[in-house]
Amino acid sequence: MVEAFLFNAKIALSLYRSSKEIVVPTLTIKAAPPPGPIHRPAMSNTIDRHHHIALTSAYVELDGVPTIPVAGEIHYSRLPRHRWAERLAYLRSGGITVAASYIFWNHHEPIEGQASFEGNLDLAAFVREAQRAGLLVALRPGPWVHAESRHGGLPNWVAEAGHPVRQDDPTYLAKVATWFGRLGDHLNGLLGPDSPVVVLQVENELYDNPAHLLTLKRLMREAGLVAPIWTATAWGSANLPVGEVMPQFGGYGDGFWVPSHEGWHHTFRAHYHFSTQWDDPGIGSDVRESPVLGASPSGPLNQPSPDFPIATCELGGGMATAYHRRPAPAPLDVATIALTKIGQGSAWQGYYLYAGGTNPHRELPVHESHETGYPNDMQHLGYDFHAPIGEAGQLRYSHALLRQQHAFLASFGSELVHSSPALPAGAFSSVYDKTNLRWAVRADGGSGFLFIAWHQPHDPLEPYSQAQFQVDLGSAGSVTLPDSPIDIPVGTLAWWPFNLDLGAAKLKWATASPVARLSLPDGAPAVVLLASPGIPVRFALPAGTKATGRVGSSLARIDQTTDGDVWQWAGDDIELVVVDGASLLLVPASQAHTFWLLDRPGGEEVWFSEADLAADGDRLVVRSETAVPVVRRFDTATGGLIRVPLTAIGQTPERLELPFRCLRPADPVPAGGYGELSPGRATAPTLQQVTELGAVWRIDLPEHPSPQTRLELVWEGDVANLCTIGGAVVDDDYWDGTPWVVNPYDLGLAGAIELLLLPLRPDAPVHVPAAAQTRRDQAAPAVLGELKAATLTTSGLWEAQT
């Protein structure tokens, strides 16, 4: 939050519920009192100075320019090394600017004294690959990292040695110091004032031991592990050493850590509202000593530090799957939480997880389980997380929704960091409120953005009727938008500009979301605006300002006043509208998901493509499951869209329905499940139980699957394991009603393979998403346990001829 002004914002609304009109009272918004002058903390400025990045108390500077970093978590040791470049490229094309990763001690050194940095454990090579992709790096070396890893990432020989851990125990600290020393030696030459590594996180989810955090920071320094920004997780009322770490917050809309009999917990609901709350007492509450989920173990909820920007590192990019509870967040769920944080003042967006992966195949298990006293039984191998980039490398729709927001931050972040967030009076009075429209304003003087997030899962909202906003900007006047009330459909995510500078002109307001600002050859700006489904695109320009679309355009001036002219556009294809001294590139809602803002050698470019786009050095690679995709680029020289020629560099796309058959039916599974650690936390069946009780299905793959091949399995049941014939399990899944997608090439699968499928009883004490539960109810009293489809899809690759 930066220097602010005091302003009132009023919303004039008429709600129609049933057949009766309800007039909602005028709501008032007041910005928070000015926080005082912006100052520079010692971190990154006088201590650990970096040549490119620095902190202020309100925002981050990159090469002297205020910016909003966007971090995405990706675990190098949960990916094949040959996939690093591809995954990092999709991070970057999705608008991620910082690649974040835990460093799993138990992945590197499962046996004491035998630490490895070979293959996909070569952290230094991963850092260099991220730098090559144009990304900064945030490392989270723990040593306790959680991440659904056995003992939180501590090796067995540390966690089970009998001495205390996660505190200043001499024996523990000696082992940690040795491990940090190995890390420092491995990263030698990659850290310092020119390093791509700009963040080091100290420990993870340590709530009540600031002295230990300082000890770990000292040990890192002594090992040569340094960065300009030191962070620690601040949720759960964590007691952090003031000034020594930048607090980072999180927010998940659902989670595996609550018992199976819990409904949608209030700590999840909260993130679908704009609020002034940043702390989340729910994250990690299952492994704290707090007796009640959501209770604050260390005191009042944490507030952002006055010395550092408001930052997040764990906005849910999806959710992991535990045996007893199996959330499956939808893309819109993920994007809504991200937008509420932007609207309420985020200066650093960070996602966990952004790219899924697979746990290492080891004789010693590396997943968390009841065996170690952990309250949740996690998957042995699969760690897809329903992330924007899936375990098999597929891009989910959340990638498209989030990259729209990230493009907005890239283009307008330098303005946004100077704005003050404001909420309606009475906003966030209850996480159960479904009546009041969820909106916020970030404004700086006379201009800003109005944010709307009208979606939540599990307990759906209703369409909001007849909304009109009036923002009183004090001495800067006021703005009313739109010109007449409009309905807000369920699922609306929007950030509408008001008094946006267009150079020679001004966009007084628009009911479409800006995602990019480019410079035309004559220096005039071109702003890209995305329409929202079900909301007409209207915008207002100063009175007398000309606006011209293409021949036959739907653009029409619908009102003229002394205050300005109102225009409406209802095009079904992307269209450039020229206004005095500037241009607006209008994108219909039906094509918003095809928008990409790419950082190319000549600068930022706007592209439109249903296919996946990613840079490979100076090349732009196109990936698609359809035969020659249509890829278009906005040409700033001509103001038009150019269809880009493509040259094939891979196989022809192919989709095969694979033959499969059941070799052995399942045996009856036990009533009441396989035990439980505590009420609502069922224990998962062992590998032996899956093998002995589960059905065996045979699937026939090609003998030589392509690296660009994905296997999609549609199945119903409880637990499924993929195996070679008579061989080891290479991946696993807990059923949540969504298809299971893997990459056979990466898993070493070819020819005939087996799927071990354990049925799910209707009375099994596990929580599944609503659609999956409906299927259980339909099948009852029978068990669910069947492979429904096996589809092999090979993506084609092309190089865009730019």
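## Report on a predicted model: rings, barrel, strands and salt bridges

Ring pairs join Tyr 102, Phe 104, Tyr 352, Tyr 383 and Phe 385 into a cluster. The model is predicted.

**Aromatic rings**

The structure contains 26 aromatic pairs. Take Tyr 352 and Phe 385. Their ring centres are 5.3 Å apart and their planes stand at 85°, so this pair is edge-to-face. The angle is what decides it, because planes over 60 degrees apart count as edge-to-face. The pair links distant parts of the chain, 33 residues apart. Tyr 352 belongs to strand β13 (residues 349-355). Phe 385 sits in the loop between β15 (382-383) and α9 (397-416). Are these two residues buried or exposed? Both Tyr 352 and Phe 385 are buried.

**The barrel**

Strand β13 is also part of a closed barrel of 8 strands. The order is β6-β7-β8-β9-β10-β11-β12-β13, and the pairing is parallel. Neighbouring strands of this sheet are turned by 30° against each other on average, ignoring direction.

One pairing in the barrel is that of β6 (residues 70-74) with β7 (residues 98-102), parallel over 3 bridges. Ala 71 has Val 98 in β7 as its bridge partner. Helix α3 (residues 123-132) packs on the sheet. It touches β6, β7, β8 (136-140) and β9 (197-201). The direction of α3 makes about 150° with that of β8.

**Helix α6**

Helix α6 covers residues 210-222. Does its length fit or depart from what is expected? At 1.5 Å a residue, its 13 residues should span 18 Å; the end C-alpha atoms are 19 Å apart, which agrees.

The buried residues of α6 are His 212, Leu 213, Thr 215, Leu 216, Lys 217, Leu 219 and Met 220. They pack against α5 (170-186), β9 and β10 (229-233). Why does Thr 215 count as buried? Its relative accessibility is 9%, and buried means under 20%. Leaving aside neighbours within four places in sequence, Thr 215 is in contact with Asp 168 and Leu 173. Just after α6, Gly 224 takes a positive phi of about 90°.

**Strand β21 and its partners**

Strand β21 (residues 492-502) is mostly covered, with 10 of its 11 residues buried. It pairs with two strands named here. With β18 (residues 447-454) the sense is antiparallel, over 7 bridges. In this region Ala 453 stands opposite Leu 493 in β21. With β22 (residues 505-510) the strands also run antiparallel, joined by 4 bridges. Here Asp 501 has Lys 506 in β22 as its bridge partner. The hairpin of β21 and β22 has 2 residues between the strands. In that hairpin, Gly 503 takes a positive phi near 85°.

**Salt bridges**

Side chains of opposite charge can pair when their charged atoms come close. The count in this model comes to 38 salt bridges. Three of them are tabulated.

| Side chains | N to O distance |
|---|---|
| Glu 314 and Arg 140 | 3.3 Å |
| Asp 573 and Arg 632 | 3.3 Å |
| Arg 623 and Asp 612 | 3.0 Å |

Glu 314 lies in strand β12 (residues 312-316) and Arg 140 in strand β8, so their salt bridge ties together parts 174 residues apart in sequence. Both Glu 314 and Arg 140 are buried.

Where do Asp 573 and Arg 632 lie? Asp 573 is in the loop between β28 (565-569) and β29 (575-579), and Arg 632 is in strand β35 (residues 631-635), so this pair ties together parts 59 residues apart in sequence. Asp 573 counts as partly exposed, because its relative accessibility is 25%.

Arg 623 lies in strand β34 (residues 619-624) and Asp 612 in strand β33 (residues 612-616), so the pair ties together parts 11 residues apart in sequence. Arg 623 is buried, at 2% relative accessible area. Asp 612 is buried too, at 14%.

Which residues share a network of salt bridges with Arg 623 and Asp 612? They are Arg 83, Glu 86, Arg 87 and Asp 746.

Key. Residues numbered from 1 in each chain as written. Predicted model: local features only at pLDDT ≥ 70, side-chain atom pairs only at ≥ 80, totals over all residues. Heavy atoms only, no water. Pairing = 2+ DSSP bridges. Axes fitted to C-alpha atoms, helices over the stretch in contact; angles between N-to-C directions. Contact = heavy atoms within 4.5 Å. Buried < 20%, exposed > 50% of the residue type's maximum accessible area, 1.4 Å probe, protein only. Expected span 1.5 Å × (residues − 1). Salt bridge = Lys/Arg side-chain N within 4 Å of Asp/Glu carboxyl O. Phe/Tyr/Trp six-rings, centres within 6.5 Å; stacked < 30°, edge-to-face > 60°.
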